[in-house]
Every structure is written in C-alpha cells, then in structure tokens.
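Let's work through a few exercises on a protein model. Have a go at each task yourself, then check the steps in the solution.

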Amino acid sequence: TQSTRPQRILGAVQQNATRGDPRSVVRAIDQYCRNQEWAMNVGDEKGCILDSVVSEVNPATVLELGTYCGYSTVRIASLLPPHAKLITLEFNPEFAVIARQVIAWAGLEDKIQLVEGASGDLIPKMKEQFGVETFDLVFLDHWKDRYLPDTKLMEECGLLRKGSVLLADNVICPGTPDYLEFVRSSPRYESQYFKSHLEYTKVEDGLEKSVFLG
Ligand SMILES: Cc1ncnc2c1ncn2[C@@H]1O[C@H](/C=C/CNC(=O)c2cc(-c3ccc(F)cc3)cc(O)c2O)C[C@H]1O
Ligand SMILES: [Mg+2]
C-alpha cells in the first residue's frame, strides 16, 4: 500500500539520522524535503531564526501549536535547558503517530509532551490538566485562521505573562492577515518581523515575534 508523506519523512529520519542526536534528525528532514519532496516544516532558513529566538528567550515552558511531523518540536527542544518542558498540540492522529516516533528517534521524549486534540479545546485545560502556569514561548504553526482566536484564548486563560513571546510561522505565505494586524496594532504586544523564505523555496515568507506586554 502507498506510504504517506509523513511516513516517508520518518523513514528518512530512521535511515539518515543518528538515534539520540536531535540535530541529525533536523538535518535528515531538511535534506529529504529539500531534495526529495517538499513538506510544511518550518525548515532550515526560518529554523535558524527560530533557534535564535529560542536561545534568546531560554524558555522553561514552551507551547507549540501544530506538531505535524515534529520537525520544529525537535528543533526547539534540542535547545532547551535541562528541566524545561515543551507541550505540542496536534489533532491529526496520523501525524501524531509519526511525530512521536521522530521525537523518540531524537531522544527527546523527556522534554516533549505531545497532546492529541484541537488547540481550541486543549488551551483552556492547560493549567488544570498539564500543570502549566504560563508559557515563556509559544510557536504558532497550525491552521493559519486559528492563530488569532488561539492567541486571544491564551490571553483569556491567563497563559501569557508580561514578557511571554509568541513566534508565528507563515505570516506572509500562506499568510495570517488578521493575526498580523492584531499583534502589530495592539498596545499589548511589541511585534517584530523576521523576513525569510518559505521553507525549501525562494518565495518570501517570515516569522513574526510578538512580546506580550501584560
Ligand atoms: C486547531 C488545531 N489544533 C491542533 N492541531 C492543528 C490545528 N490546526 C492544524 N493542526 C495541525 O497542525 C498542522 C497544520 C499546519 C498548517 N500549516 C500550513 O498549512 C502550512 C502551509 C504552508 C504552505 C505554504 C505554501 C504552499 F503553497 C503550501 C503550503 C507552509 C507552512 O509552513 C505551513 O505551516 C497539521 C495539523 O493537523
Ligand atoms: Mg509553517
């Protein structure tokens, strides 16, 4: 039977990456998606911007919206301090199955908690069910029309503190116009655009970093 793209990405990791070496997992996925078949990972170019923001924030708690195959999950977790935790939300069970194996291959199970479900349902349960106070960093990379409602929901649920950083992928391509307008015009956010390119292409895209001012 025909394999799926996520299954082929997992295969590339198992064939080309070293178990327990997160950066080799990241490199294996980038090489596969650049040379064999495109996939919607944040990729190596925007990934370097992601790395610099993660290193600057040095977060103890991270929330990722939209796991897909776990590329950015592994990329972020590989930079976290020893006791830091990353919670990643994914509602497609098929993607979750693949992401769990990619995370395991990287040896990052202890830092990452993958929770299956829709962000709109899970965000209100973060405090009670997952023992989270607030998030130091949120990486938004799920359906683009969910960035704004989920940001408002995180505010309402008290999951953002003064200084919490939101980093959003794809603010140009495919684009998140309502979210961009909101964070750039709201007095409660200090926003900055990092110009880059759509993963594995020359098309313009970028990341928007928004600091919640409380
Ligand atoms: C609400 C919610 N809750 C939990 N998981 C959710 C969710 N919405 C999506 N997800 C999960 O995240 C993943 C979805 C991500 C959506 N990302 C995209 O649609 C996406 C699309 C492109 C793109 C650009 C140009 C083109 F020509 C074609 C595609 C590039 C990217 O980097 C992307 O992230 C997988 C999905 O199951
Ligand atoms: Mg993306």
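## Exercise 1: Cysteines

Cys48 counts as partly exposed because its relative accessibility is 48%; the label buried means under 20% relative accessible area, exposed means over 50%, and partly exposed is in between (1.4 Å probe, protein chains only). Before going on, note that this is a predicted model, where local features need pLDDT of at least 70, side-chain atom pairs count only at pLDDT 80 or more, and totals for chains, interfaces and linings use all residues. Residues are numbered from 1 along each chain as its sequence is written, chains are lettered from A and ligands numbered from 1 in the order in which they are written, and side-chain values use heavy atoms, with hydrogens and water left out.

**Task.** Find how many disulfides there are, counting a pair of cysteine sulfur atoms within 2.5 Å as a disulfide.

**Solution.**
- Step 1. Recall that a disulfide is a covalent bond between the sulfur atoms of two cysteines.
- Step 2. Try Cys48: the nearest cysteine sulfur belongs to Cys33 and is 16 Å away, and Cys48 is in no disulfide.
- Step 3. Try Cys69: here the nearest cysteine sulfur is again that of Cys33, 7.7 Å away, and Cys69 is in no disulfide either. Cys69 counts as buried because its relative accessibility is 1%.
- Step 4. The count by this rule is zero disulfides.

## Exercise 2: The metal site

**Task.** Work out which residues coordinate the magnesium ion (ligand 2). Donors are N, O and S atoms within 2.8 Å of the metal (3.2 Å for Na, K and Ca); water is not among the atoms, so sites may look incomplete.

**Solution.**
- Step 1. Look for the donors: Asp141 (OD), Asp169 (OD) and Asn170 (OD1) coordinate the ion at 2.0 to 2.2 Å.
- Step 2. Place two of them in the chain: Asp141 sits in the loop between β4 and α8, while Asn170 sits in the loop between β5 (160-168) and α9 (171-175), 29 residues apart. These helices (H or I, at least four residues) and strands (E, at least two) are DSSP runs, numbered from the N terminus.
- Step 3. Check the cover: Asp141 and Asn170 are both buried.
- Step 4. Write the donor spacing in sequence as D-x27-D-N.

## Exercise 3: Salt bridges

**Task.** Take a salt bridge to be a side-chain nitrogen of Lys or Arg within 4 Å of a carboxyl oxygen of Asp or Glu. How many does a search of the whole structure find, and which parts of the chain does the bridge between Arg8 and Glu37 tie together?

**Solution.**
- Step 1. Start with the idea: side chains of opposite charge can pair when their charged atoms come close.
- Step 2. The search gives 17 salt bridges.
- Step 3. In one of them, Arg8 and Glu37 meet at 2.5 Å, N to O. Arg8 is in helix α1 (residues 5-16) and Glu37 in the loop between α2 (22-35) and α3, so this pair ties together parts 29 residues apart in sequence.
- Step 4. Compare their labels: Arg8 is partly exposed because its relative accessibility is 26%, and Glu37 is buried because its value is 15%.
- Step 5. Now take Arg75 and Asp51, whose closest N and O atoms are 2.8 Å apart. Arg75 is in helix α4 and Asp51 in helix α3, 24 residues apart, and both are buried.
- Step 6. Follow the links further: Arg23, Asp30, Asp51 and Arg75 form a network of salt bridges.

## Exercise 4: Backbone surprises

**Task.** What sign does phi have at Asn58, and which residues does a cis peptide bond join?

**Solution.**
- Step 1. Keep the usual case in mind: most residues other than glycine have a negative phi, and most peptide bonds are trans.
- Step 2. Asn58 is not a glycine, yet its phi is positive, about 45°. Asn58 lies in the loop between α3 (43-57) and β1 (61-65), and it is partly exposed because its relative accessibility is 47%.
- Step 3. Tyr68 also has a positive phi, near 55°. Tyr68 is in the loop between β1 and α4 (71-77), and is buried because its relative accessible area is 12%.
- Step 4. The cis peptide bond joins Cys173 and Pro174, with omega about 10°. Pro174 lies in helix α9.
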